[in-house]
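Colleague: Hi! Could you walk me through this model? I'm new to this, so plain words please.

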Amino acid sequence: MNHTDNEDDPNNSQDSDQSVAARREVDSRETARANRTWWDSEAASYYGEHGSFLGDDDFVWGPEGLREADAALLGEVRGKDLLEIGAGAAQCSRYAARHHARVVATDISGGMLAQGADLNRAFTAATGLTVPLVQCDATSLPFADSSFDTVFTAYGAVPFVADSAALMAQAARVLRPGGRFVFSTTHPMRWALPDDPGYPGLTVSNSYFDRTPYVEQESGAATYVEHHRTLGDRVRELTAAGLCLVDLVEPEWPPQNHQVWGGWSPLRGALIPGTAIFVCENRVS
Ligand SMILES: C[S@@+](CC[C@H](N)C(=O)[O-])C[C@H]1O[C@@H](n2cnc3c(N)ncnc32)[C@H](O)[C@@H]1O
């Protein structure tokens, strides 16, 4: 659910508008600026391409098509306070609102939230329900401690921040004791493979252990950044934030799903995981 439109080997690729893909260190500030700008400019085409698969008020955890209606990873949401980070157009939040949750949707990109505002108007007209949209960075949430029962995201924010330990700490801070944090993200093992939906995407080309970020840049300035954490890194960051990992879901590719989404495809999906969903609970202090 990143842009990953069949980039060549990121160690050295170049596209027609002179954007160069590379691996180099990128700090939080440069990462946030690049990704906010990138998602602002890509918002309309992203939902033009993927909006019908995601649905306007449905909750899809990743390109495999696992739906919250079937997986129930959030648990009971009725009457609960929910926060979505990296919400994009907030489809998942509208799903939660339909299921009687009080939910706030947040994202760093005003362009992505603008897509959500358009969809919100039709949703409110049809249901009478509202989903507030708030623009903020998931590593610096403008909410009081212990404000929410559940924090969640489907592929939002987590792979796009330099300091994912800070993101985990923020999620834990705004959660009530015993609350749940559930997030899906690119499966860490994909980092070692070319982002190609075909056979080249099945041959290791990069070290799984190399945490150097993937960067697209123009004139030396980052225009898009992804950061990698190994599975062990993720567990350590969650634990340090005071969260307990209660499940790690690796959705299998269903035979009826024929779509190709960037590097996610039926071919690769039949052989290797593409998505990891971390289900965590905030420690009861
Ligand atoms: C792949 S999209 C997923 C959006 C939505 N969950 C969906 O399934 O359509 C990733 C989202 O993460 C957001 N994002 C990137 N960096 C972020 C950050 N630091 N804080 C909050 N959101 C961020 C992007 O703006 C984008 O909307």
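Colleague: Let's start with a strand. Which residue in E9 stands opposite Val 215?

Modeller: Happy to help! Keep in mind that this is a predicted model. The residue in E9 that stands opposite Val 215 is Val 225.

Colleague: And how many bridges join E8 to E9?

Modeller: There are 5 bridges between strand E8, residues 214–218, and strand E9, residues 221–226. The two strands run antiparallel.

Colleague: What do E8 and E9 form together?

Modeller: They form a hairpin, with 2 residues between the strands. One residue in the turn is Ser 219. Its phi is near 50°, a positive value in a residue other than glycine.

Colleague: Is Ser 219 buried or exposed?

Modeller: Ser 219 has a relative accessible area of 85%. Exposed means over 50%, so Ser 219 counts as exposed.

Colleague: Where else is there a positive phi in a residue that is not a glycine?

Modeller: Ala 157 has one, about 65°. Ala 157 sits in the loop between strand E6 (148–154) and H5. Its relative accessible area is 14%, so Ala 157 is buried.

Colleague: New topic: pockets! What is the volume of the largest pocket?

Modeller: The largest pocket has a volume of about 440 Å³. It is lined by 30 residues, and the closest to its centre are Gly 86, Asp 107, Gly 156, Ala 157 and Phe 160. So Ala 157 turns up again, a buried residue with a relative accessible area of 14%.

Colleague: Which elements give two or more residues to that lining?

Modeller: Those are helix H1 (28–54) and helix H3 (91–98). H1 provides the largest share of the lining, 8 residues.

Colleague: How do the lining residues divide into nonpolar, polar and charged?

Modeller: The lining has 19 nonpolar, 8 polar and 3 charged residues.

Colleague: Let's talk rings. How many aromatic pairs are there in the whole structure?

Modeller: A search finds 17 aromatic pairs. One of them is Phe 59 with Tyr 95: the ring centres are 5.8 Å apart and the planes are at 85°, so the pair is edge-to-face.

Colleague: Why does that pair tie together parts that are 36 residues apart in sequence?

Modeller: Because Phe 59 lies in the loop between H1 and helix H2 (68–71), while Tyr 95 lies in helix H3. Both Phe 59 and Tyr 95 are buried.

Colleague: What about Tyr 214 and Tyr 224, how are their rings arranged?

Modeller: They form an edge-to-face pair too, with 6.3 Å from centre to centre and 75° between the planes. Tyr 214 is in strand E8 and Tyr 224 in strand E9, so this pair ties together parts 10 residues apart in sequence. That takes us back to the hairpin of E8 and E9. Both of these tyrosines are buried.

Colleague: Which residues do ring pairs link into a cluster?

Modeller: The cluster holds Trp 38, Trp 39, Tyr 46, Tyr 47, Phe 53, Phe 160, Tyr 214, Tyr 224 and Trp 261. Phe 160 is also among the residues closest to the centre of the largest pocket.

Colleague: Last one: what sits over the ring of Trp 191?

Modeller: That is the charged end of Arg 23, 4.5 Å from the centre of the ring.

Colleague: Great, thanks!

Definitions and conventions:
Residues are numbered from 1 along each chain as its sequence is written. This is a predicted model: local features need pLDDT of at least 70, side-chain atom pairs count only at pLDDT 80 or more; totals for chains, interfaces and linings use all residues. Side-chain values use heavy atoms; hydrogens and water are left out. On a 1 Å grid over the protein atoms alone, a cavity is a set of points where a 1.4 Å probe fits but cannot get out, and a pocket is an open set with protein on both sides within 12 Å along at least five of seven lines; lining residues have an atom within 4 Å of a point. Grid points are joined across faces, edges and corners, and a volume is the space filled by probe spheres set on the points. Helices (H or I, at least four residues) and strands (E, at least two) are DSSP runs, numbered from the N terminus. Ala, Val, Leu, Ile, Met, Phe, Trp, Tyr, Cys and Pro count as nonpolar, Asp, Glu, Lys and Arg as charged, and the others, Gly among them, as polar. Two strands pair if DSSP finds at least two bridges between them. Rings of Phe, Tyr and Trp (its six-membered ring) pair if their centres lie within 6.5 Å; planes under 30 degrees apart count as stacked, over 60 as edge-to-face and the rest as tilted. Buried means under 20% relative accessible area, exposed over 50%, partly exposed in between (1.4 Å probe, protein chains only). A charge sits over a ring if NZ of Lys or CZ of Arg is within 6 Å of the ring centre and within 35 degrees of the ring normal.
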